[in-house]
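Subject: Handing over the structure

Dear colleague,

I am passing this structure on to you, and I would be glad if you could look it over before reading my notes below.

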Amino acid sequence: MKAKIIITPKKAVLDPQGKTVQSALAHIGYTGIRDVRVGKYLEIELDGANPDAARKQIDEACHRILSNPVIEDYRFELE
Amino acid sequence: MNVAVLQFPGSNCDQDVVHVVRHVLGHSARLLWHKEASLGAADAVVVPGGFSYGDYLRTGAIARFSPVMQAVQAFAAQGGLVLGICNGFQILCEAGLLPGALIRNRSLQFRCEHIFLRTVTAESPFTNRIPPDKLLRLPIAHGEGCYFAEEATLARLNANNQVLWRYVDADGQPAENANPNGSLDAIAGICNEARNVAGLMPHPERASEPILGCADGRLVFESMIHALQARPAAAAA
């Protein structure tokens, strides 16, 4: 099984990287872009075939180490 | 004072801390590899600066799970003094020993320069020897030193007098261009509620000898020594 995890900065957190990317997009001519947030993407390959157990494990790993709940949100899907 | 200075793969300010404690202040210090399970006879712990684990995933995110950190957690829970400097501050926040988090500098630049700190309170084991009107001139060297915490946490920090240092200009005034990283409330360093764990982004160990240009940093270590000397002897375990 593969977990695809997306980690993003919380709304309340200033994201200067996102702002910089937004400026860069505008600079090279893309209009109508309201906001950009930059996050992280992880792929984790897992043994086993039990999606419930895997989901629980990944959720705990996300909360415990893969993301920092003070500054980040996460979501993931399993396939 | 008998300091255990932690060493993680990627730490690079550990030797400077040992040098200051031993050769400048005449106290005991030893390096403690991150895999050690015990702090030994240490009565203070310093988590030094550097790039533990290459800052992979997030700064301090992996170091916080090193074996030695369990001993540090227990030590802190019993009131032991713990000081985190730069990457050490990041590690202590990730470990939950201090509230909030350090994120990328607002300018996105790695800032390597001297800054000024105003000491907000002398009521802590890390600031008790710092004269109230003295500005500390210290070097910083970091790319992720922007202190962030949610509003409720910031309110609590202020209400409990947990902010130890703020960035100010050479005249001691708060100013946007005096804040090198965009930290909320210009926070440069804080302590926990119990006041035995502290963290700061600037490097006092790089400014403890006049030959390096400034010796204001030694006041932080002298405060720790003073706090330990003032403790009842029975506290030694």
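The notes that follow go through chain A, then the contact between the chains, and then chain B and the nonpolar cores. Please bear in mind throughout that this is a predicted model.

In chain A there is an open sheet of 3 strands, paired antiparallel and arranged in the order 2-1-3. Strand 2 (40-45) and strand 3 (72-78) of chain A stand at the edges, and because each has a single partner strand, one side of each is left without a neighbour in the sheet. From one strand to the next, the twist averages 20°. Strand 1 (residues 2-9) of chain A runs antiparallel to strand 3 of chain A and is joined to it by 7 bridges, and A:Pro9 has A:Glu72, in strand 3 of chain A, as its bridge partner.

Two helices of chain A deserve a word as well. Helix 2 (residues 51-66) of chain A lies across strand 1, strand 2 and strand 3 of chain A, and it runs at about 160° to strand 3 of chain A. Helix 1 (residues 16-27) of chain A has 12 residues, which at 1.5 Å a residue should span 16 Å, and this agrees with its end C-alpha atoms, which are 16 Å apart. After helix 1 of chain A comes A:Gly29, with a positive phi near 110°.

Where the chains meet, 13 residues from chain B and 10 residues from chain A take part in the contact. The side of chain B that touches chain A is made up, by class, of 6 nonpolar, 2 polar and 5 charged residues.

In chain B, the loop between strand 1 (2-7) and helix 1 (14-24) holds B:Pro9. With 14 other C-beta atoms within 10 Å, B:Pro9 is partly exposed. Leaving aside neighbours within four places in sequence, B:Pro9 is in contact with B:Ser52 and B:Tyr53; B:Tyr53 is 44 residues apart from B:Pro9 along the chain, yet their C-alpha atoms are separated by 5.7 Å.

As for the interior, the largest nonpolar core has 78 residues, and those with the most contacts inside it include B:Val3, B:Val45, B:Leu92 and B:Leu117. Helix 2 (residues 68-77) of chain B gives the most to this core, with 6 residues. Not counting residues up to four places away in sequence, B:Leu117 touches several residues, among them B:Leu135, B:Trp165, B:Val168 and B:Pro202. Apart from this core lies another, of 7 residues, including A:Ala3, A:Ile5, A:Ile58 and A:Tyr74.

With best wishes

Conventions: Residues are numbered from 1 along each chain as its sequence is written. Chains are lettered from A and ligands numbered from 1 in the order in which they are written. This is a predicted model: local features need pLDDT of at least 70, side-chain atom pairs count only at pLDDT 80 or more; totals for chains, interfaces and linings use all residues. Two strands pair if DSSP finds at least two bridges between them. Helices (H or I, at least four residues) and strands (E, at least two) are DSSP runs, numbered from the N terminus. Axes are lines fitted to C-alpha atoms, for helices over the stretch in contact, and angles run from 0 to 180 degrees between N-to-C directions. Two residues are in contact if their C-beta atoms, placed from the backbone, lie within 7 Å. A residue is buried if 20 or more other C-beta atoms lie within 10 Å of its own, exposed if 12 or fewer, and partly exposed in between; C-beta atoms are placed from the backbone. Ala, Val, Leu, Ile, Met, Phe, Trp, Tyr, Cys and Pro count as nonpolar, Asp, Glu, Lys and Arg as charged, and the others, Gly among them, as polar. The expected span of a helix is 1.5 Å times one less than its number of residues. A nonpolar core is a set of buried Ala, Val, Leu, Ile, Met, Phe, Trp, Tyr and Cys residues joined through C-beta atoms within 7 Å.
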